[in-house]
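Please work through the exercises below with the sequence and the structure at hand. Each task is followed by a solution in steps.

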Amino acid sequence: MAKLYGIPNCDTVKRARAWLAEQGVAAEFHDFKKQGVPAERVPAWQAAVGWQPLVNRQGTTWRKLSPEVQAAVVDAASAQALMLAEPSVVKRPVVEWPNGRITVGFVPADWAPLASAALG
């Protein structure tokens with residue numbers, strides 16, 4: 001089963017969850033707002049995609065941070081600390097696929113082969 005991490009009212013997460021349902025892919029949902037960012041999973045995410053793609057520098061949360069806080073995000077450790085303190089700064093959704101692959105963001109064309117593999 002896939003595991004999708006995000007925020008339920010995020011439009012991208014809503015589209016991603018609907019897309020997975022349309023494809024018939026079962027996905028457990030982890031709500032960052034209620035459950036927080038799982039500190040034990042962040043290193044695996046960073047190893048899979050790098051720390052930079054995980055920090056959403058386009059979002060409202062990032063823009064509301066002070067320039068000093070933004071400037072302090074310079075490596076995996078500082079990015080992880082920010083993600084744990086401000087879950088909304090994580091680019092969404094983060095998906096852990098059954099085959100072990102980890103993706104960040106919702107790109108249906110990239111997800112299609114992963115969804116097919118999850119079904120079969």
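The exercises that follow concern a predicted model, and they proceed from the overall fold to single residues.

**Exercise 1. Determine how many helices and strands the protein has, and in which order they occur.**

Step 1. The secondary structure consists of seven helices and four strands.

Step 2. Read from the N terminus, the order of these elements is β-α-β-α-α-α-α-α-β-β-α.

**Exercise 2. Decide whether the radius of gyration agrees with that of a compact globule.**

Step 1. For 120 residues, a compact globule would have a radius of gyration near 14 Å.

Step 2. The protein has 14 Å, and therefore the value agrees with that of the globule.

Step 3. The dimensions may be added: the C-alpha trace spans about 45 × 25 × 25 Å along its principal axes.

Step 4. Turning to the surface, the protein exposes about 6,200 Å², of which carbon and sulfur atoms supply 51%. Of the 120 residues, 41% count as buried.

Step 5. Consider also the contacts between residues at least 6 apart in sequence: 60% of them join residues at least 24 apart.

**Exercise 3. Describe the largest nonpolar core and state which elements build it.**

Step 1. The largest nonpolar core contains 33 residues, and those with the most contacts inside it are Trp-45, Trp-97 and Trp-111.

Step 2. Two or more residues each are given to this core by β1 (2–6), α1 (11–23), α3 (42–49), α6 (76–85), β3 (94–96) and α7 (108–119).

Step 3. The largest share, four residues, is that of α1.

Step 4. A general tendency may be recalled here: in soluble globular proteins, nonpolar side chains tend to be buried together.

Step 5. Beyond four places in sequence, Trp-97 touches Ala-2, Leu-20, Thr-103, Trp-111, Leu-114 and Ala-115.

**Exercise 4. Establish whether Thr-103 is buried or exposed, and identify its contacts.**

Step 1. Thr-103 belongs to strand β4 (residues 102–104).

Step 2. The cut-off for a buried residue is under 20% relative accessible area. Thr-103 has 8% relative accessibility and therefore counts as buried.

Step 3. With neighbours within four places in sequence left aside, Thr-103 is in contact with Pro-93, Val-94, Val-95, Trp-97, Trp-111 and Leu-114.

Step 4. Thr-103 and Leu-4 are 99 residues apart along the chain, and their C-alpha atoms are separated by 9.6 Å.

**Exercise 5. Locate Pro-93 and describe the peptide bond that joins Arg-92 to it.**

Step 1. Pro-93 is situated in the loop between α6 and β3.

Step 2. Most peptide bonds are trans. The bond joining Arg-92 and Pro-93, however, is cis, with omega about -10 degrees.

**Exercise 6. Find which residues of α6 are buried and what covers them.**

Step 1. The buried residues in α6 include Ser-78, Ala-79, Gln-80, Leu-82 and Met-83.

Step 2. Their cover includes α3, α4 (60–64) and α5 (67–71).

**Exercise 7. Explain why Pro-38 counts as buried, and list its contacts.**

Step 1. Pro-38 is found in the loop between α2 (32–35) and α3.

Step 2. Its relative accessibility is 9%, so Pro-38 counts as buried.

Step 3. Apart from neighbours within four places in sequence, Pro-38 is in contact with Tyr-5, His-30, Phe-32 and Trp-45.

Step 4. Pro-38 and Trp-111 are 73 residues apart in sequence, and their C-alpha atoms are 23 Å apart in space.

Note on methods. Residues numbered from 1 in each chain as written. Predicted model: local features only at pLDDT ≥ 70, side-chain atom pairs only at ≥ 80, totals over all residues. Heavy atoms only, no water. Core = buried A, V, L, I, M, F, W, Y, C linked by side-chain atoms within 4.5 Å. Buried < 20%, exposed > 50% of the residue type's maximum accessible area, 1.4 Å probe, protein only. Contact = heavy atoms within 4.5 Å. Rg over C-alpha atoms; globule rule 2.2 N^0.38 Å. Areas by Shrake-Rupley, 256 points an atom, 1.4 Å probe, with all protein chains shown as cover.
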